[in-house]
Amino acid sequence: MKAAALRPGPADLAAAADRIARHVVRTPLLAGPSARPGGPRILLKAEHLQNGGSFKTRGAANAVLALDAVRLVTGSSGNHGIALARLASSLGLRLTVVLAAGAVPAKAAAIRALGARTVHVSGGVAERDERARELAGRGDALLVPSSDHPLVIAGQGTVGAEVLADAPDTETLYVPTGGGGLLAGVCLAARHHPVRVVGVEPATTPRYARSLAAGRPLRLPPGSTVADGLRGQCPGTFTYPIVSDRVDDMIAVDDAEILAAAELLRRHGAEAEPSGAVALAGALRARRRERAVAVVSGGNTAARLHTLALTHALTGALTKEKTS
C-alpha cells in the first residue's frame, strides 16, 4: 500500500487522543525563559513529565493499542524502547528492542529492567532499523517503528493538538527533530492553524533540512551529538511528505547550544535530557520576539533512568510476593 494512502489526518489525531488517554499524561505548559531580553517567555510543553519520561509513550501506545499483537519488535535510540517496554510489561506482551552503536547504556539497562530483550548492532540508526525489520519478518512479531508509522505519527501529534488547545495564540512551535515522528505529528495538528512550525535538529545530523532543500529524502551518514535521541539518518516514508507539506523552517543547533539549553531548563525546574532541550536551543537561537512554545521532549536523565528501573523492579517484587 502506498504511503499516501496511509497518511494520517486530523481524525486520526482525535482517535489517538481517545485511545491513549488512560496511558498518558496531558502534560502542562510551563513558563520558561525569554528568547530576548524584555520579550515574552517561551512556554515549555513538559513532555519530560510524560509517563516513561518522554513523548514517545504517545505514539507507542497508539500503535500497540490499535494493533493486535503478542510479540513486538522495534529499533530505538532508547526512549521509544522504554515507552514500549512499559506498555509491553503492563499488557503482557513480549518485546525485542534493537539498539544502534552509541546507544546510552543506562537507557538499554532501563529497557531490560522493564522486561524487554535488547539486541545491539554496529552502525547507525539505518542499520538498527534494518535489523528490526529483519527480526520482525522472521516470525509473527509486529514491527513498531520509533517514528515512521501512521499510528505512531498520530499519537505524537497529540502533543501539538494539546499545545494549540491550551495556547491557541502561539505564534511559533519549536519541535525537536530526529526520525521526524513528532514533527510530522505536530504538522498534522497545525494543518489548519496559522502557527509557525519549526523543526530543530542537531547540527551534525540535519537530515530534514538537507532533504527539504533537495526536494527528496536524503540519507546522511551516522552523526555524533549529545542529543542521543536525535541521530536519525534519513526522513521516513510517512513522515517526510507530511513535514514537507507543512513545516515552516528548520533550525540546526550545536552541542554547546543544546547543553546550555538543558542547563537553562534545569534552572527553571525542568530536568531534561539533551534531546529534550533541543527545541528550546532552537528557540533561543532564533531570538524572535514572539509567543512561542518549545517541546521539552524527554527527561530520561541518568538519575531518572535509575529510579525507573528501581521502581519497576520493586513493583515486580511486590507483585510476585502477593501472588505467591
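# Strands, helices and hollows

Visitor: Which residue of β6 stands opposite Leu72?

Guide: Leu142 stands opposite Leu72. Keep in mind that this model is predicted.

Visitor: What makes β3 and β6 a pair?

Guide: Count the bridges. Pairing takes at least two bridges between two strands. Strand β3, residues 71-75, and β6 have two bridges. That meets the cut-off, so they count as paired. The sense of this pairing is parallel.

Visitor: Which bonds hold paired strands together in general?

Guide: Strands of a sheet pair through backbone hydrogen bonds, in a parallel or an antiparallel way.

Visitor: What makes β5 and β6 edge strands?

Guide: Look at their neighbours. The open sheet runs β5-β4-β3-β6, with parallel pairing. β5 (117-120) and β6 (142-143) each pair on one side only. That puts them at the edges.

Visitor: Which helix lies across β3, β4, β5 and β6?

Guide: Helix α5, residues 125-138, lies across these strands. The helix runs at about 165° to β3. Angles over 145 degrees count as roughly antiparallel, so α5 is roughly antiparallel to β3.

Visitor: What is the strand order of the six-stranded sheet?

Guide: The order is β1-β2-β10-β7-β8-β9. This sheet is open too, and its pairing is mixed. The edge strands are β1 (29-34) and β9 (249-253), each with pairing on one side only. From one strand to the next, the twist averages 30°.

Visitor: How do you know that β7 and β8 are paired?

Guide: Five bridges join β7 (residues 172-176) to β8 (residues 196-202). The cut-off is at least two bridges, so β7 and β8 qualify as a pair. The two strands run parallel. One residue to find is Tyr174, whose bridge partner in β8 is Val198.

Visitor: What is the angle between α8 and β8?

Guide: Helix α8, residues 207-214, runs at about 120° to β8. This helix lies across β8 and β9. The roughly perpendicular range is 65 to 115 degrees, and roughly antiparallel needs over 145, so this angle counts as oblique.

Visitor: Why are α1 and α2 called roughly perpendicular?

Guide: Set the value against the range. Helix α1 (residues 10-20) and helix α2 (residues 56-66) pack at about 85°. The range for the term is 65 to 115 degrees, so α1 and α2 are roughly perpendicular. The contact uses Ala16, Arg19 and Ile20 of α1. From α2 come Arg58, Ala61, Asn62, Leu65 and Ala66. By class, this contact has five nonpolar, one polar and two charged residues. The helix axes are 9 Å apart.

Visitor: Where is Arg26?

Guide: Arg26 is in the loop between α1 and β1. Leaving out residues up to four places away in sequence, Arg26 touches Glu162, Ala165 and Asp166.

Visitor: What makes Glu162 a contact of Arg26?

Guide: Contact means heavy atoms within 4.5 Å, so Arg26 and Glu162 have heavy atoms within that limit.

Visitor: Which element gives the most to the lining of the largest pocket?

Guide: α5 does, with seven residues. The pocket holds about 840 Å³ of space. Of its 45 lining residues, Arg128, Asp129, Ser146, Ser147 and Gly179 are closest to the centre. The lining divides into 11 nonpolar, 23 polar and 11 charged residues.

Visitor: Why is a cavity not called a pocket?

Guide: In a cavity a 1.4 Å probe fits but cannot get out, whereas a pocket is open, so the two terms are kept apart. The search finds two cavities of 30 Å³ or more. The largest cavity has a volume of about 70 Å³. Its lining includes Ser34, Tyr174 and Arg288.

Visitor: What classes of residue line the largest cavity?

Guide: Six are nonpolar, two polar and four charged.

Terms used
Residues numbered from 1 in each chain as written. Predicted model: local features only at pLDDT ≥ 70, side-chain atom pairs only at ≥ 80, totals over all residues. Heavy atoms only, no water. 1 Å grid on protein atoms, 1.4 Å probe; cavity = no way out; pocket = protein on both sides within 12 Å on 5 of 7 lines; lining within 4 Å. Points joined across faces, edges and corners; volume = space filled by probe spheres on them. Nonpolar A, V, L, I, M, F, W, Y, C, P; charged D, E, K, R; others polar. Axes fitted to C-alpha atoms, helices over the stretch in contact; angles between N-to-C directions. Helix = DSSP H or I, 4+ residues; strand = E, 2+ residues; numbered from the N terminus. Parallel < 35°, antiparallel > 145°, perpendicular 65-115°, else oblique.
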